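Colleague: I would like to go through this model with you, one question at a time.

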Amino acid sequence: MTSQPTPRHLLRTSDIRTSQIESILNKAQVYKDMRHREILRNKTIITIFFENSTRTLSSFEIAAKRLSADVVRLDVSKSSTAKGESISDTAANLNAMNPSAIIIRHKNAGAGYYLKSQVSCPIINGGDGAHAHPTQALLDLLTLKEHFGNDLNNLKGKKIAIIGDIKNSRVANSNIELLTRFGMEVILVAPPHFIPPTTLRVSHNLRQIAKEVDVFMSLRTQTERHDKQIYGSLKDYAAQYCLTPEILGDREVIVLHPGPVHRNIDIDDEVLKDARCKVLEQVTNGVCVRMAVLEFCICA
Ligand code: NCD
């Protein structure tokens, strides 16, 4: 009996070795030419998103199509899961159609781990609860690499402030693992109720910390993950943690945000227009990184 090779899943950043990350980013940079390629011709990729998404879903689908894959989006509101079928049965049925990969987003942390035990193709995590969002962290890493002279070694010792609802943010979790691995000093900046248990440096004062950081990564308040309101008001939050022109000053910094941005709560309108704000570059990099990730997982 021939045994099937284990599929290459991407559920969290720690699933991939540093050398593999370096090649994924190099490949992503090749894909910045936006050309269509035949690499995934005759492969079928299923996207199944149980939580809202604008960027991540479209980014994965564009990435798959640029590599010539056939993409099937499972409309969760119309799928049998909505009619009471368990994820496990949905997964078994999807698997029986022999896809080359399944990309899943789910409100429950660990959904991808469960799915992976039910199928024989790679599972790529498009975000699971507050746990992980590996492709977001990889695209953030690519944006940082490009900013710091296109060399990951230059990230060593650079300081990044991650600002906002860190406790409920899968983007923060994945970035903390990845950016510290590449030698960045991560400082968590938020009111106490948004800070998870951590050994990292913490600040509750954005204005004070702003003077020493090289990068600001702002995050949205994840109201959908709060079972009760745990902050006074978003206006009070913004008064202390919104990135304003005054906080940036004329320093050589960059601003990142995974989107969706709460304008004038996370980032001021003026800062969004500033050349130091890389939010749209992150989106462009997202497509290229996901092309490289799809190739990495499917053509292993
Ligand atoms: C993030 C997400 O869904 O985790 N957005 C994204 O994927 N671009 C962040 C968020 O929703 O705040």
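Colleague: Is I39 buried, partly exposed or exposed?

Modeller: This is a predicted model, where local features need pLDDT of at least 70, side-chain atom pairs count only at pLDDT 80 or more, and totals for chains, interfaces and linings use all residues. Residues are numbered from 1 along each chain as its sequence is written, and side-chain values use heavy atoms, with hydrogens and water left out. Buried means under 20% relative accessible area, exposed over 50%, and partly exposed in between (1.4 Å probe, protein chains only). I39 has a relative accessible area of 31%, so I39 is partly exposed.

Colleague: Which residues is I39 in contact with, leaving aside its neighbours within four places in sequence?

Modeller: Contact means heavy atoms within 4.5 Å. With those neighbours left aside, the residues are Y31, L67, E295 and C299.

Colleague: Which residues have the most contacts inside the largest nonpolar core?

Modeller: A nonpolar core is a set of buried Ala, Val, Leu, Ile, Met, Phe, Trp, Tyr and Cys residues joined through side-chain atoms within 4.5 Å. The largest one has 81 residues, and those with the most contacts inside it are I162 and F216.

Colleague: Where does this core lie with respect to domain 1 and domain 2?

Modeller: Domain bounds come from an automatic or database domain assignment. Domain 1 (13-133 + 285-299) and domain 2 (135-283) both give residues to this core, so the core lies between them.

Colleague: Which residue in β6 does I162 stand opposite?

Modeller: Strands (E, at least two residues) are DSSP runs, numbered from the N terminus. Strands β5 (residues 159-163) and β6 (residues 185-189) run parallel and are joined by five bridges. Opposite I162 in β6 stands L188.

Terms used
Two strands pair if DSSP finds at least two bridges between them. Helices (H or I, at least four residues) and strands (E, at least two) are DSSP runs, numbered from the N terminus.
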